[in-house]
Amino acid sequence: HKKANRWGPDEHLFHISSFFIKNNPFEVKINRKKFDILGRKSKHDVGLPGVSRSKAINKRKETLLKEYKTKDKANKFIDKRFGEYDTKMDPEEKILQRFSMERQRTQDKKDMYNLNEEEELTHYGQSLSEMEKLNDMVDSDDDADEKGVLSAELTASHFGGGGLLRRKTQGEKDNGGNQRAKSRQELIEELILKSKQEKRERQNQKEESQVLTEKLDQDWKSIQGLLAHKNAPKADRLEEEDKPKLDEYDMMVRELGFEMKAQPSEKMKTPEEVAREERERLQKLEADRLRRMMGDVVEDCTKTQAHMSADDLNDGFILDGDEKPTLAYQDGKWNINEEGAKIEGDDEEEGGEGESGEEESGGEEGSGEDSHSDLDSEQESEGGEEEVEEEEKDEEEKDEVPATKSQLSEEERKAQAEAAKTELPYTFKAPESYSDLKGLLQGHPADHQCIILARTQKCNHPSLAVGNKLKLQKLFGFLLEYVGELASRSPPELSTIDKIIPQLYGLCQLFPEAASKAMQTTLVDSAHRMEEVLEVKGRAAFPQLDMLIYLKITALLFPTSDFRHPVTTPALLYISQALTKCPVMSLEDVTSGLVLCCLAVEYISFSKRFCPELINFLLGVLHLAVQDKTSTGYSVVPPFRQNGKVSDLLVLSDPESSQTWSKKTLPLSATQTLTLTTDLDTDHYRLSAVATCMDLLKHCSSLYRELTSYSHIFQPITTLLSKHLPIKTYPAALQDLHGEILATISGSLTSRPLLVFQKKKPIPLKLFTPKIVEVLDYGKKRGNTKEEREKERLNHKYKKEFKGALREIRKDTRFLAREKLNEVMGRDAERKRKVKELFGSLATQEGEWKALKRRKNSRH
């Protein structure tokens with residue numbers, strides 16, 4: 001009963017029940033084996049119920065509990081002594097092995113740098129043992145003959161305590177005839193004189209030996225060439241003869257070793273920095289121009305450094321002359337060399353003039369460098385030539401009549417003011433409307449207009465201000481409108497348009513979306529106008545020259561090889577619509593149609609897209625040159641007619657006119673107005689149109705050669721060229737071109753196989769084959785194939801292993817939680833025990849103190 005009180009309630013019950021409950025023999029688990037197999041572990045152990053559970057708990061205590069206790073702890077002591085955990089070794093064998101290993105470790109350290117004494121080591125042919133004797137003394141700083149040895153006098157004087165100074169020398173007597181000792185100062189002077197004399201002698205000997213050595217070397221060099229081959233041994237001569245020459249690779253490697261390394265280049269500037277610097281430069285030039293217009297002359301005092309190349313030897317370098325006169329000493333007096341000073345002064349003046357001349361030339365070069373490409377056209381303008389002529393006249397007047405500096409300055413100011421007025425401004429504001437742009441460009445030649453547009457873009461770059469982007473986007477639309485106006489003038493200013501196109505390209509690269517929208521608007525407006533005319537009249541006129549130029553600009557600004565593009569695709573559709581719906585009524589219409597054909601070829605030359613409207617129009621143009629149209633083996637499609645007044649536009653009125661014809665390109669201005677005064681000029685123009693059509697036809701025949709339906713496309717053209725076109729009346733150039741076209745077409749009219757599907761085996765009909773499913777006794781279905789059964793088996797195994805892993809993880813978690821709880825309860829019990837002990841000791845002390853107090857009170 002007393003023991004039971006010490007335990008807890010649960011332990012008390014378990015202890016009591018263990019006395020009364022006995023093991024049931026039917027609960028004993030026995031696994032019988034016929035025989036034991038080495039290396040195989042049994043799944044279940046033999047024993048009472050609960051034995052396996054206790055073993056699992058013990059196993060967790062040995063593994064999981066130890067890991068938990070050593071978690072986050074690094075202070076482990078690992079015994080790495082030899083044979084410590086080897087149970088097969090005896091203790092004496094362990095001690096002997098450890099002792100031998102320790103001796104071997106120390107012996108290896110001692111013998112690391114030991115050399116074999118039997119071999120004799122040499123250095124440069126001398127034995128190391130003899131060199132270690134140190135027979136040759138180390139050279140001292142002094143060049144004395146006895147190196148490393150101090151004289152007795154010097155030793156005595158410095159280290160002998162002055163004993164030498166107290167000695168008396170013979171032959172030195174005082175006035176009374178008695179010998180006297182030399183003073184310390186005299187002895188030191190004698191030592192100094194003696195040392196200087198010895199040093200001088202050594203220096204002379206050294207110089208003499210050096211002279212003799214040099215002379216001997218020179219004599220040896222004079223006869224070395226004669227004795228080289230005679231005295232050289234045969235082995236050396238054979239080595240020299242057999243020495244291989246350097247390979248090209250070796251020579252290249254040596255050359256690469258002497259090449260200069262790459263120097264770091266300057267930092268690349270961002271587009272924003274370039275735009276900012278360009279604007280600042282233009283603002284500075286504009287301020288200088290305005291200052292020159294007002295007559296203010298600002299001299300630039302800063303010297304511009306001329307460019308120096310890397311090969312410059314700086315031969316013309318002149319030092320600044322010294323203003324102080326040279327002094328000379330003559331007949332015991334100081335004499336000032338006035339002539340020398342004058343000469344030097346003259347040289348300085350000449351040097352100053354030379355330097356000033358160089359500075360002026362450098363300044364001119366600097367100004368030339370500052371002027372960029374946008375000023376080249378200004379120098380070539382008429383105003384620049386007038387300025388040059390005025391300057392030449394001024395120089396002639398200067399040569400004839402010497403003028404004062406004030407007069408020259410006034411004339412220069414006037415000339416500068418006039419030149420500044422004729423110059424273009426360097427800064428421009430972005431135009432807000434088309435009228436502003438027109439006023440900005442009107443009255444200027446084409447070169448100046450390009451300069452104005454370039455400077456406007458530089459001064460209003462999008463990175464310089466917030467609203468500049470919108471201004472330049474508007475400028476693209478204004479330029480398109482201005483190009484259309486230039487094309488509609490009579491005569492059209494095509495050269496100005498050609499020079500403005502680069503500005504349009506630059507704006508298109510900056511703002512592609514705005515440029516595409518502006519060009520789309522232009523195309524849509526023209527297409528709507530053509531549709532309205534077609535609805536009203538049933539036919540429409542060919543596009544004017546401005547629209548043709550817009551189509552050409554579209555091909556230059558935007559890609560034509562895309563499968564679908566928001567600008568070039570509508571443009572190509574517009575060209576096709578014009579070639580189909582616009583009838584040919586005059587030679588101007590023929591010219592416009594041929595221009596559209598050239599544009600269509602340019603659009604499809606890279607993508608090789610088939611354009612039937614182009615082939616149809618070229619066939620119709622050649623049909624206009626056929627004389628007899630009664631029986632033709634081809635059909636003509638609108639906008640051309642088989643017969644009629646307009647069907648003979650390209651028929652020659654006089655066949656002899658072809659003899660005086662020379663091939664020329666058709667002018668773009670002929671799309672608007674065509675002035676042909678004589679029949680000869682008309683025939684020449686007809687021949688030029690036929691030549692242009694045949695050139696386009698040759699290009700198309702080579703472009704569409706790879707098409708499968710090539711023969712069907714060019715069959716009408718082949719018939720027209722070979723049977724109906726009067727090629728004999730045409731010049732020799734057109735006859736040669738005619739033969740080339742027929743050769744190209746006939747060479748491509750080869751029989752090609754028709755497109756058929758690839759041969760494949762016929763797909764058999766689906767049969768109603770029963771599906772066999774294996775059904776086991778317990779009603780569970782299995783897969784029909786082996787792969788399905790293997791997959792099902794693996795899934796079953798995976799689920800089983802997964803459940804087992806989860807079960808083990810839960811048991812491990814419960815075990816760790818139980819151990820943590822036991823630790824917490826143990827700490828709490830220990831704390832309660834200590835608190836109880838403290839309270840007990842305090843109560844004992846309190847009782848003793850009260851008893852002591854009672855004793856004191858009883859005594860009193």
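Leu674 sits in the loop that links H24 to helix H25 (679-703). Keep in mind that this is a predicted model. Is Leu674 buried, exposed or something in between? Its relative accessible area is 22%, and because buried means under 20%, Leu674 counts as partly exposed.

Which residues does Leu674 touch, once those up to four places away in sequence are set aside? They are Leu587, Glu588 and Tyr685. A C-alpha distance goes with this picture: Leu674 and Ser586 lie 88 residues apart along the chain, and their C-alpha atoms are separated by 10.0 Å.

Let us now follow the loop back to H24. This helix covers residues 612-623. Its 12 residues should span 16 Å at 1.5 Å a residue, and the end C-alpha atoms are 17 Å apart, so the two values agree. How enclosed is H24? Since 10 of its 12 residues are buried, H24 is largely enclosed by the rest of the structure. Among the buried ones are Leu614, Asn616, Phe617, Gly620 and His623.

H24 also has a packing partner, helix H22 (residues 568-581). Two packed helices are described by the angle between their axes and the distance between the axes. For H22 and H24 the angle is about 35° and the axes are 9 Å apart. The crossing of this pair is left-handed. On the H22 side the contact is made by Ser576, Leu579 and Thr580, and on the H24 side by Glu613, Leu614 and Phe617. By character, these contact residues divide into three nonpolar, two polar and one charged.

The two helices and their contact residues can be set side by side:

| Helix | Residues | Contact residues |
|---|---|---|
| H22 | 568-581 | Ser576, Leu579, Thr580 |
| H24 | 612-623 | Glu613, Leu614, Phe617 |

Leu614 turns up again in the largest nonpolar core, which has 106 residues. Together with Leu551, Leu596, Tyr603 and Tyr730, Leu614 touches the most other members of that core. What surrounds Tyr603, leaving aside its neighbours within four places in sequence? Tyr603 is in contact with Leu551, Thr554, Ala555, Thr560, Thr568, Ala571, Leu572 and Ile575.

Finally, a look at the whole chain. The protein chain holds 28 helices and four strands. Buried residues make up 25% of its 860 residues. Of the contacts with a separation of 6 or more, 67% are between residues 24 or more positions apart.

Note on methods:
Residues are numbered from 1 along each chain as its sequence is written. This is a predicted model: local features need pLDDT of at least 70, side-chain atom pairs count only at pLDDT 80 or more; totals for chains, interfaces and linings use all residues. Side-chain values use heavy atoms; hydrogens and water are left out. A nonpolar core is a set of buried Ala, Val, Leu, Ile, Met, Phe, Trp, Tyr and Cys residues joined through side-chain atoms within 4.5 Å. Buried means under 20% relative accessible area, exposed over 50%, partly exposed in between (1.4 Å probe, protein chains only). Contact means heavy atoms within 4.5 Å. Axes are lines fitted to C-alpha atoms, for helices over the stretch in contact, and angles run from 0 to 180 degrees between N-to-C directions. Helices (H or I, at least four residues) and strands (E, at least two) are DSSP runs, numbered from the N terminus. A crossing is left-handed if the near helix is turned anticlockwise from the far one by less than a right angle, and right-handed if clockwise. Ala, Val, Leu, Ile, Met, Phe, Trp, Tyr, Cys and Pro count as nonpolar, Asp, Glu, Lys and Arg as charged, and the others, Gly among them, as polar. The expected span of a helix is 1.5 Å times one less than its number of residues.
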